[in-house]
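Here's a quick briefing to read with the structure open beside you. Have a look around first, then work through the notes.

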Amino acid sequence: MRIDLPTPKLRLSVLVAALMSVAFWAPRGWAQSPRVIEVLADHDSRYKIGGQKNPVITVHAGEPLLLRITAVKAKEHNRDGAVHGFCLLHAKDRSHVPGWDFELTPGVHEFQLTAPAQVGEYVVVCTVICSQDHEGMHMRFVVIP
Ligand SMILES: [Cu+2]
């Protein structure tokens, strides 16, 4: 289909409008699709990422993320069916990071998130008493510039 624009002036304004909308929607330095982070919250009350021995999540401040967590039941579960939790805390004072507190039923869960704006050390902790090893269910989370 071809659209004929009557005047060069109109053609120019359409071009300008198109460029402006591109500039508006263009991501600020990031790829348009969020980075996918895959985590296994496993039956042995451990978080696992790929083949990492001591899993660490490292993200850029303000980066769009898709957190995909697969939860597998350990020994215990909550009355509501949650088998693990995934809660992000500031490492320094253990305060919660708003919007980063999830309870996980068995299966795959996806969360669209924005990485914390504040650079530094964080920790992911499990919030469901999932087994006798629950206290050891945590993972480093680092925000870099
Ligand atoms: Cu757990």
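The notes below cover a metal site, a sheet and one residue in a strand. Keep in mind that this is a predicted model.

**The copper site**
- Four protein atoms serve as donors to the copper ion: H84 (ND1), C126 (SG), C130 (SG) and M137 (SD), and they lie 2.2 to 2.4 Å from the metal.
- The angles between the four donor atoms run from 91 to 123 degrees, so the arrangement counts as tetrahedral. For reference, the ideal angle for four tetrahedral donors is 109.5 degrees.
- Along the chain, the donor residues follow the spacing H-x41-C-x3-C-x6-M. H84 sits in strand β5 (residues 84–90), while C126 is in the loop between β8 (120–125) and β9 (138–144), so this pair ties together parts 42 residues apart in sequence.
- Both H84 and C126 are buried.

**The open sheet**
- Four strands make up an open sheet in the order β2-β1-β4-β7, and the pairing is mixed.
- β2 (47–48) and β7 (107–114) are the edge strands; each has a single partner, so one side of each has no neighbour in the sheet.
- β1 (residues 35–41) and β2 run antiparallel and are joined by two bridges. In one of the pairings to β2, A41 has Y47 as its bridge partner.

**L65 in strand β4**
- L65 belongs to β4 (residues 64–71), and it's buried, with a relative accessible area of 2%.
- P34 is 31 residues away from L65 in sequence, yet their C-alpha atoms are 4.6 Å apart.
- Leaving out residues up to four places away in sequence, L65 touches several residues, including P34, I37, W100 and F111.

Key: Residues numbered from 1 in each chain as written. Predicted model: local features only at pLDDT ≥ 70, side-chain atom pairs only at ≥ 80, totals over all residues. Heavy atoms only, no water. Donors = N, O, S within 2.8 Å, 3.2 Å for Na, K, Ca; no water. Tetrahedral: all angles 85-135°; square planar, octahedral: opposite > 155°, others 65-115°. Buried < 20%, exposed > 50% of the residue type's maximum accessible area, 1.4 Å probe, protein only. Pairing = 2+ DSSP bridges. Contact = heavy atoms within 4.5 Å.
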